[in-house]
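This report looks at the pockets of a model, then at how its chains and helices are arranged.

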2 protein chains.
Amino acid sequence: MPKPNVRERIVNAGLETFHRRGFNGSGVQDVTDAARVPKGSFYNHFASKEALAVAALDRYWEHAGRALQLLRDESVEPAERLRRYFEQLAELMARWNYTKGCLIGNFGTELADQSVVLRERTASLLADWSRAIEHCVAQAQHAGTVRRDPDPATLAAFMVNSWEGAVLRAKVDKDDAALRQFLTVVFGAILT
Amino acid sequence: MPKPNVRERIVNAGLETFHRRGFNGSGVQDVTDAARVPKGSFYNHFASKEALAVAALDRYWEHAGRALQLLRDESVEPAERLRRYFEQLAELMARWNYTKGCLIGNFGTELADQSVVLRERTASLLADWSRAIEHCVAQAQHAGTVRRDPDPATLAAFMVNSWEGAVLRAKVDKDDAALRQFLTVVFGAILT
């Protein structure tokens, strides 16, 4: 396999560095060191650290978005698809030893008041994510396996936001308690 | 009234600066400028920016913790107390125009992997907060106004974490939709 080109190496290193240390906690030098490229090469590829952060966030979503395929598996009952989806995300957090958290939530928290472009990109990813969940919630409501009174858009956004809060708490507590509590309440009290 | 002393001014300025710009986005100079004290005076009062962050977080909790009194008002039905409590927090976010968010969540997201002392302090405040909610949830379950199957500790932690996620989404979207969705689902689907 060919080595990834310089831009690719910078995006991958940016994703890892921002995810571990945050945007303001990472300098361009940290990223180029991690990518093993000269610092001078950075500005051949990106106008700013902010521009790299957008590319890193899109790369993160490209990876994270793969799990969304579980939601489209029509051979599985829709409420069960939702459960498997969030259980898979919980396994990922365990593999990371409850470090890093969710890059979308991290950037949202850190940058919503500091960078228009990152606020807008974060908002748009959270909206896309909520819509993917909403489609599955609507199917489950139609199948009668999810309560019908909060509409699918409300329930879906609530689930996405609550998941972000659970991931934050798991990162702080360094254990899976918050993720298990999310699964217990969402799949025990809301979705039945 | 006497002017607050230098340490007090630094703590208040630190709270405001960290809340607006994050820990890594704020320098000691930013804080001493905001406090209108000489930069040199900082280290007479604090060993490090991290030590100030702990004091600022405690000051934040001192303010935020006042709303918890609503949860102890035994003249009000416990589920109604919980609703009033979260509605009051939502009003605070509106007054801030959906900027800043929750300092506990912000520090947790930004610093859980970077500062042992701030991770531990954040974890301990989230645990205190969850316990205050839990007491009210247990009363509401006893009164029969909240479903009994998730135990009070699970429901309370879920509510705190989901609230943090809703605040994050409101900060990103710059509107109250996520907070209203939280109230709809928690008080419509879980607590009835």
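## Pockets

In this predicted model, 14 residues line the largest pocket, and B:Y60, B:H63, B:A64, B:L92 and B:W96 lie nearest its centre. A pocket is an open set of points on a 1 Å grid over the protein atoms alone, where a 1.4 Å probe fits, with protein on both sides within 12 Å along at least five of seven lines; lining residues have an atom within 4 Å of a point. Helices α1 (6–21), α4 and α5 (78–95) of chain B each give two or more residues to this lining.

The second largest pocket is lined by residues including A:Y60, A:H63 and A:W96. Its main contributor is α1(A), with 4 residues.

| Pocket | Volume | Lining by class |
|---|---|---|
| Largest | about 310 Å³ | 7 nonpolar, 4 polar and 3 charged residues |
| Second largest | about 150 Å³ | 5 nonpolar, 3 polar and 2 charged residues |

## Chains and helices

A rotation of 180° with 0.0 Å of shift along its axis places chain B on chain A, at RMSD 0.0 Å (C-alpha atoms, pLDDT of at least 70 in both). That is a two-fold relation.

In chain B, the axes of α4 (residues 49–64) and α6 (residues 103–111) come within 10 Å and cross at roughly 150°. The two helices are therefore roughly antiparallel (over 145 degrees). B:A53, B:A56, B:L57, B:Y60 and B:W61 meet B:L103, B:I104 and B:F107 (heavy atoms within 4.5 Å). These contact residues comprise 8 nonpolar, no polar and no charged.

## Conventions

Residues are numbered from 1 along each chain as written, and chains are lettered from A and ligands numbered from 1 in written order. Local features of this predicted model need pLDDT of at least 70, side-chain atom pairs count only at pLDDT 80 or more, and totals for chains, interfaces and linings use all residues, while side-chain values use heavy atoms, leaving out hydrogens and water.

Conventions: Axes are lines fitted to C-alpha atoms, for helices over the stretch in contact, and angles run from 0 to 180 degrees between N-to-C directions. Angles under 35 degrees count as roughly parallel, over 145 as roughly antiparallel, 65 to 115 as roughly perpendicular and the rest as oblique. Ala, Val, Leu, Ile, Met, Phe, Trp, Tyr, Cys and Pro count as nonpolar, Asp, Glu, Lys and Arg as charged, and the others, Gly among them, as polar. Grid points are joined across faces, edges and corners, and a volume is the space filled by probe spheres set on the points.
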